[in-house]
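User: Could you help me learn to read a structure, one feature at a time?

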Amino acid sequence: MANRYYLSDHMTNGVLMHLFGCVHLPHKDDRIFIGTCHTLNQASSYARRYVPKFGYCPYCIDTSKAGSFEIEHQKQMKFARKPLALPR
């Protein structure tokens, strides 16, 4: 089943990826739609087109289902600190 993924800048927590429907997903003006993806690895690949480093929302994304590449990325990454350039 495909899910809709988004990126949002949470300032102190850095840029986070969310699933549609997450209670912590910001208003539509403050997020970027990544795409409808079948896997977390696919969504992460698309997300890197916007920002090189990001985290996963601990409330809506279960990283235990990610491939080993994504788990290693999550362990080593440091959150991006500059705001997202939202397309207008």
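User: What percentage of the 88 residues in the chain do buried residues make up?

Analyst: Happy to start there! This is a predicted model, and buried residues account for 41% of the 88 residues in its chain. Here a residue is called buried when its relative accessible area is under 20%. As for the outside, the accessible surface of the chain is about 5,700 Å², with 53% of that belonging to carbon and sulfur atoms.

User: In what order do the elements of the chain run from the N terminus on?

Analyst: Reading from the N terminus, you meet β-β-β-α-β-α. That gives the chain two helices and four strands. Sequence separation adds to the picture: of the contacts between residues at least 6 apart in sequence, 59% join residues at least 24 apart.

User: Which residues of the largest nonpolar core touch the most other members?

Analyst: A nonpolar core links buried residues of nonpolar types through side-chain atoms within 4.5 Å. In this case the largest one has 20 residues, and Y5, L7, M17, F54 and I61 touch the most other members. Two or more core residues come from each of strand 1 (3–9), strand 2 (15–19), strand 3 (32–37) and helix 1 (40–47).

User: How far away from R31 is the nearest side chain of opposite charge?

Analyst: A salt bridge needs the charged atoms within 4 Å. For R31, the nearest oppositely charged side chain is D29, 8.2 Å away, and R31 is buried without a salt bridge. R31 sits in the loop between strand 2 and strand 3.

User: Which backbone oxygen does the side chain of R31 reach?

Analyst: That of P26, at 2.9 Å.

Note on methods. Residues numbered from 1 in each chain as written. Predicted model: local features only at pLDDT ≥ 70, side-chain atom pairs only at ≥ 80, totals over all residues. Heavy atoms only, no water. Buried < 20%, exposed > 50% of the residue type's maximum accessible area, 1.4 Å probe, protein only. Lys, Arg positive; Asp, Glu negative; His and termini not counted. Polar contact = N/O pair within 3.5 Å; in protein donor to acceptor, adjacent residues only side chain to side chain. Contact = heavy atoms within 4.5 Å. Areas by Shrake-Rupley, 256 points an atom, 1.4 Å probe, with all protein chains shown as cover.
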